[in-house]
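Reader: Hi, I'm new to this one and could use a walk-through. Can you take me around?

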Amino acid sequence: MPHSPSGPTSAPRGRVRLARGASPWLLPTVATAALGLARARRSRGAAAVAVPATALAAGMLWFFRDPEREIAQGRLISPADGVVQSVMPWKDGRTRVAIFMSPLNVHVNRAPLAGTVTSVEHIPGGYVPAFNKESENNERVVWHFDTELGDIEMVQIAGAVARRIVPYVPEGTKVEQGERIGLIRFGSRVDLYLPGDIDVAVEVGQKTTAGVTRIDRD
């Protein structure tokens, strides 16, 4: 399958780009900082605005970074940067791996394995902190992938700060393992539901890197 602009190897390794979907937050902040800096020499008020606006713009550029990754080999790889919050058997026999994303993590999520996106469902909800058990009822986007392992479900969950989830690909899209599929602005949580016969390789407290950390073991 040809690589799309959001594919796993669309730019040289080491290059860092900005995440798609960052513009509504980033552009006003950068514009305010630029205007404040341009007027700072003539106005104390503009100078007072320029300093925090520039700091905020720099923070936004960091928050919305989207580095290229050398995609790992394996059946299942992490869809998110973050820390494994829980690994637990689910009531239907699957295993849920929950990855908590802090505001300091990269917020772009990647396909855990190759397959076809069979559904992308947005579900309205609350915005409690993602580490809270009640966050399962938060605003979220539920993905289903038809893969060589069968149906794989992934859920992007908004949190107290993250108020918008931006899917990159629609239903019916064939995706490669490690391909960028969506953004959660300012972090939150990603849950991955695995078949019960998968031997999970990660443990609670372990740091993960999207597209790099192996989720299962042979």
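Author: Sure, with a term to start: two strands count as paired if DSSP finds at least two bridges between them. Also keep in mind that this is a predicted model.

Reader: Ok, so which residue stands opposite Gln156 in S12?

Author: That's Val190. The strands S8 and S12 run antiparallel and are joined by five bridges.

Reader: And how many bridges join S4 to S12?

Author: Seven, and that pair runs antiparallel too. In S12, the residue opposite Ala98 is Asp191.

Reader: What's the order of strands in the open sheet?

Author: Eight strands make it up, with antiparallel pairing, in the order S10-S6-S7-S8-S12-S4-S3-S13. At the edges sit S10 (174–175) and S13 (207–208), each of which pairs on one side only.

Reader: How many bridges hold S3 to S13?

Author: Two, with the strands running antiparallel. Lys207 in S13 is the bridge partner of Val83.

Reader: Back to S12 for a sec. Is it mostly covered or mostly open?

Author: Mostly covered: seven of its seven residues are buried. Take Tyr193, which has 8% relative accessibility. The cut-off for buried is under 20%, so Tyr193 counts as buried.

Reader: Which residue does Tyr193 form an aromatic pair with?

Author: Trp90. The pair is edge-to-face, with 5.5 Å from centre to centre and 70° between the planes. Trp90 is in the loop between S3 and S4 (95–101), while Tyr193 is in S12 (188–194), so the pair ties together parts that are 103 residues apart in sequence.

Reader: Neat. How many aromatic pairs are there by this rule?

Author: Two. The rings of Trp143 and Phe145 also pair up: their centres are 6.0 Å apart and their planes are at 5°. Planes under 30 degrees apart count as stacked, so that is what this pair is. Trp143 and Phe145 are both buried.

Reader: Let's do the core then. Which residues touch the most other members of the largest nonpolar core?

Author: Trp143, Ile181 and Leu194, out of 34 residues in that core. At least two core residues come from each of S4, S7 (140–147), S8 (150–157), S9 (165–167), S11 (180–184) and S12.

Reader: What does Leu194 touch, leaving out residues up to four places away in sequence?

Author: Leu76, Arg94, Thr95, Val97, Val200 and Ile215.

Reader: Switching topic: is Pro89 buried or exposed?

Author: Exposed, at 65% relative accessibility. The cut-off for exposed is over 50%, which is why Pro89 gets that label. Pro89 belongs to S3, and leaving out residues up to four places away in sequence, Pro89 touches Arg94 and Thr95.

Reader: How far is Pro89 from Tyr193 in space?

Author: 9.4 Å, C-alpha to C-alpha, although they are 104 residues apart in sequence.

Reader: Last one, Glu68. Where does Glu68 lie?

Author: In the loop between S2 (65–67) and S3 (82–89).

Reader: Is Glu68 buried or exposed?

Author: Buried, with a relative accessible area of 7%.

Reader: So what does the side chain of Glu68 make a polar contact with?

Author: With the side chain of Arg180, at 3.0 Å.

How values were computed
Residues are numbered from 1 along each chain as its sequence is written. This is a predicted model: local features need pLDDT of at least 70, side-chain atom pairs count only at pLDDT 80 or more; totals for chains, interfaces and linings use all residues. Side-chain values use heavy atoms; hydrogens and water are left out. Helices (H or I, at least four residues) and strands (E, at least two) are DSSP runs, numbered from the N terminus. Buried means under 20% relative accessible area, exposed over 50%, partly exposed in between (1.4 Å probe, protein chains only). A polar contact is a pair of N or O atoms within 3.5 Å; within protein, one must be able to donate a hydrogen and the other to accept it, and residues adjacent in sequence count only if both atoms are side-chain atoms. Contact means heavy atoms within 4.5 Å. Rings of Phe, Tyr and Trp (its six-membered ring) pair if their centres lie within 6.5 Å; planes under 30 degrees apart count as stacked, over 60 as edge-to-face and the rest as tilted. A nonpolar core is a set of buried Ala, Val, Leu, Ile, Met, Phe, Trp, Tyr and Cys residues joined through side-chain atoms within 4.5 Å.
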